[in-house]
Protein chains: 2
Amino acid sequence: MTLKRYERYADEIGELIRTQALRPGDRLPSVRQACASRRISPSTVFEAYYLLEGRGLVHARPRSGYYVNALRLPAQAEPGIAIPVPQTTRVEISELVFDVLGSTRQLDVAPLGSAFPGAALFPLDRLARSLTPAMRRLDARRMVQDLTLGDEQLRRQIGLRYGVEGTGVELAEIVITNGAMEALNLCLQAVTQPGDVVAVESPTFYAALQALERLNLRAVEVATHPRSGVDLASLAEVLQRHPVKACWFMPNFQNPLGSLMPDSSKQAMVELLARHEVPLIEDDVYGEMYFGLRRPPPAKAYDRKGLVMHCSSFSKCLAPGYRVGWTAAGRFASDIQRLKLMSTLSTAIPSQMALSDYLERGSYERHLRQLRQALAGQQALALRLIARHFPDGTRVTRPEGGYFLWLELPPQVDALQLHRMALSQRISIAPGHLFSADRRFAHCLRLNYGHPGDARFEAALKTLGELASLLCKEAAHAQASA
Amino acid sequence: MTLKRYERYADEIGELIRTQALRPGDRLPSVRQACASRRISPSTVFEAYYLLEGRGLVHARPRSGYYVNALRLPAQAEPGIAIPVPQTTRVEISELVFDVLGSTRQLDVAPLGSAFPGAALFPLDRLARSLTPAMRRLDARRMVQDLTLGDEQLRRQIGLRYGVEGTGVELAEIVITNGAMEALNLCLQAVTQPGDVVAVESPTFYAALQALERLNLRAVEVATHPRSGVDLASLAEVLQRHPVKACWFMPNFQNPLGSLMPDSSKQAMVELLARHEVPLIEDDVYGEMYFGLRRPPPAKAYDRKGLVMHCSSFSKCLAPGYRVGWTAAGRFASDIQRLKLMSTLSTAIPSQMALSDYLERGSYERHLRQLRQALAGQQALALRLIARHFPDGTRVTRPEGGYFLWLELPPQVDALQLHRMALSQRISIAPGHLFSADRRFAHCLRLNYGHPGDARFEAALKTLGELASLLCKEAAHAQASA
């Protein structure tokens, strides 16, 4: 898990760019300067600069050196915070979600509406090679034992990662699940009864809304800033006004906004919820996909009362299709274990064994670094294309991790109409309608940039921008002739 | 999937024994007779007789020939039908189930209370060898597609088996799930709302009761005969008296009774339910483990209105721990698919691919035959031991498939007390308390005989019988001195 020297140096430069100590157009230190000041070899410097180039942060000018990219300039405006209605809402979104997602499932569609990154990003072949030997090492008797908690070795590996990150989690808290989706659902069931009120972000991940709908729960939306996540004042107000039984939040790289709550906000949020004795269901499936220097801690890191149920999985960052997730569920762990026993019994053992084997061999960190790098570079490309092709007035987020952009189009554009037009061009998007119980984000959309190497990507973004411009013009025309 | 000649001959003799055309103590045809009358070779006859000996049906007497075993004689009485209370009940059984099952999980306990057969019965190594190559053949892009319905190849294989058995099922009806447990739960969710009434057998599988409890449903029990299953008169009465929203039944080798509904009863039941427009959730996880000549058809075979949701899995008969089940859900298939998308998204792909590969290679039938044979022989052994060691007045079922026996002990024996005493001797049992919402089977227990080759089995049954006898004597003594 230790970084190579060139990686460390590249990370430092990357951080200087991120914090704007080095600005677009600035020249990086020359190889000679870098060698002298850092006592590293020329090849180390070159490798670092190649890496930064791969990440889309710098570019070389022949016989001149490396310069910080102007990629994100002309900087487009970021979307502002949207203030949700203060009432609780009965959730009825599933039909729309199924309609939209169902239409975007074909392999010949550019997957900008997908919820998953591209398959080429994952060591699928390496994982497959772990399957047979890992299963043959397994004591056969364990196959018919009750494995509800999950494979102990895998739970230890997961516990170890919490430890390294500095988040205090007991082994007994960790329950392996069928992906994060099951973990989140079980957590929700563990702390609610039909009719209860659950606080969610605004906009929020449609699966959270679907889970609420399925369990006959009511949603109350909390204002969520596209950059800094859950607004604490809004949350405090919601907690006072409504009998909130649980919060379902995503502090790290929220879906769809990509927002990242500052550490201090996470801590304040956990303390606020603790004062109200309200459990937090923390969806942290994107936490490992950060572009900064270190993994942002989960809210769970600040949990003192066992009220935070931290949920994550390997599905987005290592092994899609293996369906292995988990929750570190604090005081609710044994309830969740029982709910799991009653609903799916246990999680597939081959998947658990392969992941346990893979993690033990220690190549996960290296894979994650490559993944982050690929995604960061791809985000830069996406932002550049959006700046070039989308209509004036388009606002776009600049997440510091994950693989989603959230676009706010001029208000006259209907994202559902855009979705239908795009689909006829074999392009999928996720219209804003999917991300709120009251469909307030009708002119917004979520774009997945997590398919590097997909040749259709650039063309798809260009087409999408043109379609959005067309819709703007039509709306203007209609207004003029009205 | 074709039988060898000696297997066919053994099956025929086995059927003569089962139907009592050949009775205990009868001599089998001599090798010479058999060769002449059947036009088969002596080695075929010998192989057939060895097979029957392995199944516990016959024994050799030196220099005399093969004789039908007197195993089941002195025949113990079978339990009679228990008449349930006519009211619906709020289900509150989970705590007890968790207590009992939780205490029986250790590897050093003789697993007579287990819900699973022994690991040695399964081709686990063969399945493991399918994992890596099957996954490497997979188009990586399918890993991140929505695979909610399940792998198409696997669904085709499952559909093919329905076809061969003569049960009409459309491919589009089949949804792959995380074991039968998830299938059953999703079916229940698809057709009920909290507070609804669901009809179950009496006694019934505790997981059904737990599912009802979790979903806040009310149970009404239908009288169920230990040999022939659901009593149709009782069912008709229940349907008239209560607003039943669904039935959860196990027509083939019911857990815990082992009862098998005759084909004509299944048909009559499906027609009765169709007249009331009541969906049937059919749990058929033991259907492949028959000891007769052919697989008993599921109730689904008689479904004309798409009201039967047939649920099964590979967990009990091929691949425990792989967590692959399915439902053929008739008119409810797309609702179930959506519920699945919202709760666990999809089923682990490595497990699905390995099973698909295994089924395609055509060795499943051979495995099943060996499994059935091992279980039939083991049942004979168990019945013999129970006859020898259990107190007078013990009644026991003689199921024609599966791996459970249901014992009715003299009424003064408390099975929960027996469970605690047995556990102190490292023996687990499943006390009757687990199998009814109103705990009416307090002197009954379910015994798992599905661990052939477990050296502890004989000693455990002997100890258990002695403990039961002890409880009988204590009760008699207490009565006498009272």
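**Notes on a predicted two-chain model**

1. In this predicted model, helix H5 of chain B (residues 124–137) has 14 residues, which at 1.5 Å a residue should span 20 Å, and the separation of 21 Å between its end C-alpha atoms agrees with that expectation. H5(B) nevertheless bends by about 25° at B:Leu131, with a proline, B:Pro133, following within four residues.

2. The buried residues of H5(B) are B:Leu124, B:Leu127, B:Ala128, B:Ser130, B:Leu131, B:Thr132, B:Ala134 and B:Met135, so that B:Leu131, where the helix bends, is itself one of the buried positions, each of which falls under 20% relative accessible area. These residues pack against helix H12 (349–360) of chain B and, in chain A, against helices H5 (124–137) and H12 (349–360).

3. In chain A, helix H2 (residues 31–38) and helix H3 (residues 42–54) pack with their axes 9 Å apart and at an angle of about 115°, and the crossing of H2(A) past H3(A) is right-handed. A:Val31, A:Ala34 and A:Cys35 contribute to the contact from H2(A), while A:Pro42, A:Val45, A:Phe46 and A:Tyr49 do so from H3(A); the residues of this contact comprise 7 nonpolar, no polar and no charged.

4. B:Tyr162, which is found in helix H6 (residues 152–165) of chain B, counts as buried because its relative accessibility of 4% is under 20%. Leaving aside neighbours within four places in sequence, B:Tyr162 is in contact with B:Thr167, B:Val169, B:Ile174, B:His310, B:Trp326 and B:Ala328. Its C-alpha atom lies 9.9 Å from that of B:Lys300, although B:Tyr162 and B:Lys300 are 138 residues apart in sequence.

5. Two cis peptide bonds deserve a check. One joins A:Ser202 and A:Pro203, with omega about 0°, and A:Pro203 is placed in the loop between strand E5 (197–202) and helix H8 (206–214) of chain A. Another joins B:Asn255 and B:Pro256, with omega about 15°, and B:Pro256 is placed in the loop between strand E8 (244–249) and helix H10 (263–275) of chain B.

6. Positive phi values also call for comment, given that most residues other than glycine have a negative phi. A:Leu345, in the loop between helix H11 (333–343) and H12 of chain A, has phi near 70° and is buried, at a relative accessible area of 18%. B:Arg426, in the loop between helix H14 (415–424) and strand E14 (430–431) of chain B, has a phi of about 60° and is partly exposed, at 35%.

Conventions. Residues numbered from 1 in each chain as written. Chains lettered and ligands numbered in written order. Predicted model: local features only at pLDDT ≥ 70, side-chain atom pairs only at ≥ 80, totals over all residues. Heavy atoms only, no water. Helix = DSSP H or I, 4+ residues; strand = E, 2+ residues; numbered from the N terminus. Expected span 1.5 Å × (residues − 1). Bend = angle between axes of the 7 residues up to and from the residue. Buried < 20%, exposed > 50% of the residue type's maximum accessible area, 1.4 Å probe, protein only. Contact = heavy atoms within 4.5 Å. Axes fitted to C-alpha atoms, helices over the stretch in contact; angles between N-to-C directions. Left-handed = near helix turned anticlockwise from the far one by under 90°. Nonpolar A, V, L, I, M, F, W, Y, C, P; charged D, E, K, R; others polar.
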